[in-house]
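User: I have a model open and want to talk through how it is put together. Can we go over it piece by piece?
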Amino acid sequence: MNTNPCTLTTGEVRFSYLHVFQPYAQQQGAEPKYSATLLIPKTDVATKGLIDAAINAATNNGVGSKWNGIRPPQLRISVHDGDGGRPSDGMPFGDECKGHWVVTASNKNAPFVVDANVQPILQQNEVYSGMYGRASITFFPYASNGNKGVGCALNGIQKLRDGEALSGRVSAEDAFGTPAPGTPAYGAVPPQAPVYAQQPQAPAYPAYAQQPAAVPAGYPQQPAGPQIDPITGLPV
């Protein structure tokens, strides 16, 4: 059970700018951290009350531990009005922030990421900006580079349900339309005409010695060779 007055678990929030599996540097040269932006509905007065109490407790701690016994008149707080302007440049927050409190939380250490049954989520694509869930956060005082304020540490998140992604991703269908039925995929090999069984050809038999053509009747027969006298052995 949590006994730290600076630590709380929110009601259902919408997550934005989620970086809970790999640390991320918000600016070039900054230290990479795990982080999340929590969009808390202004109708959730219970969570807002817990946040105010945790900030007050962290402020009291800071007077003795960070600010030399003096409460600074202007404290930087990691909670912003989504209906107002961004603290960085004064520009309006995005439409998804309207009607919400915007809380930025980060941590050098990896936060826990669990599902509705408090089981670790291993498939990273199940966790994205735009989904809904709860968060465990801790407020703390700081004094750094002349700045004094109350920061918010991200302990972990719990996914409760899906929501419309806030990443601005465009699907292939949105970009190029749905292909007409029967359109072959790029690189697909067109179907070949079926190859039917070939008729076997008659084997080639060897040519045997041809018989000499018969001499027609009436023509003189040529002697096969000179006639030899069997007694003298001389040609006749």
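Analyst: Two strands count as paired if DSSP finds at least two bridges between them. Keep in mind that this is a predicted model.

User: OK, strands then. How many bridges join β2 to β3, and which way do they run?
Analyst: Five bridges join β2 to β3, and the two strands run antiparallel. In this pairing R14 stands opposite L39 of β3.

User: And what about β3 with β6, how many bridges there?
Analyst: Eight bridges join β3 to β6, which also run antiparallel. L39 stands opposite V102 in β6.

User: Is β3 enclosed or open?
Analyst: Seven of the nine residues of β3 are buried, so the strand is largely enclosed by the rest of the structure.

User: Back to β2 for a second. Is S16 buried or exposed?
Analyst: S16, which is in strand β2 (residues 13-24), has a relative accessible area of 6%. Buried means under 20%, so S16 is buried.

User: What does S16 touch?
Analyst: Leaving out residues up to four places away in sequence, S16 touches A36, T37, L39, S129 and L166.

User: New topic, the helix. Why does the span of α1 agree with its residue count?
Analyst: Helix α1 covers residues 45-65, which is 21 residues, and at 1.5 Å a residue it should span 30 Å. The end C-alpha atoms are 30 Å apart, so the two agree.

User: Which residues of α1 are buried?
Analyst: Buried residues of α1 include I51, A54, I55, A58 and V63, and K48 is also among them.

User: Now the core. How many residues are in the largest nonpolar one, and which have the most contacts inside it?
Analyst: The largest nonpolar core has 32 residues, and those with the most contacts inside it are L38, I137, F139 and I157. The elements giving two or more residues to this core are β2, β3, α1, β6, β8 and β9. Of these, α1 gives the most, with six residues.

User: What is F139 in contact with?
Analyst: Not counting neighbours within four places in sequence, the contacts of F139 include I51, A54, I55 and A58. Others among them are C6, L8, V79, V103 and V150.

User: There's a glycine in β9, G156. Buried or exposed?
Analyst: G156, found in strand β9, counts as buried because its relative accessibility is 0%. Beyond four places in sequence, G156 touches P111, F112, R134, A135 and S136. The C-alpha atoms of G156 and T9 are 9.5 Å apart, though the two residues are 147 residues apart along the chain.

User: Last thing, charges. How many salt bridges are there?
Analyst: The count comes to six salt bridges. One of them pairs R161 with E12, with the closest N and O atoms 3.0 Å apart. That pair links distant parts of the chain, as R161 is in strand β9 and E12 in the loop between β1 and β2, 149 residues apart. R161 is partly exposed at 40% relative accessible area, and E12 is partly exposed at 33%.

User: And what does D83 pair with?
Analyst: D83 forms a salt bridge with K42, with the closest N and O atoms 2.7 Å apart. D83 lies in the loop between β5 and β6 and K42 in the loop between β3 and α1, so this pair ties together parts 41 residues apart in sequence. D83 is partly exposed at 41%, as is K42 at 29%. Salt bridges with shared partners join K42, D81 and D83 into one network.

Methods:
Residues are numbered from 1 along each chain as its sequence is written. This is a predicted model: local features need pLDDT of at least 70, side-chain atom pairs count only at pLDDT 80 or more; totals for chains, interfaces and linings use all residues. Side-chain values use heavy atoms; hydrogens and water are left out. Helices (H or I, at least four residues) and strands (E, at least two) are DSSP runs, numbered from the N terminus. The expected span of a helix is 1.5 Å times one less than its number of residues. Buried means under 20% relative accessible area, exposed over 50%, partly exposed in between (1.4 Å probe, protein chains only). Contact means heavy atoms within 4.5 Å. A nonpolar core is a set of buried Ala, Val, Leu, Ile, Met, Phe, Trp, Tyr and Cys residues joined through side-chain atoms within 4.5 Å. A salt bridge is a side-chain nitrogen of Lys or Arg within 4 Å of a carboxyl oxygen of Asp or Glu.
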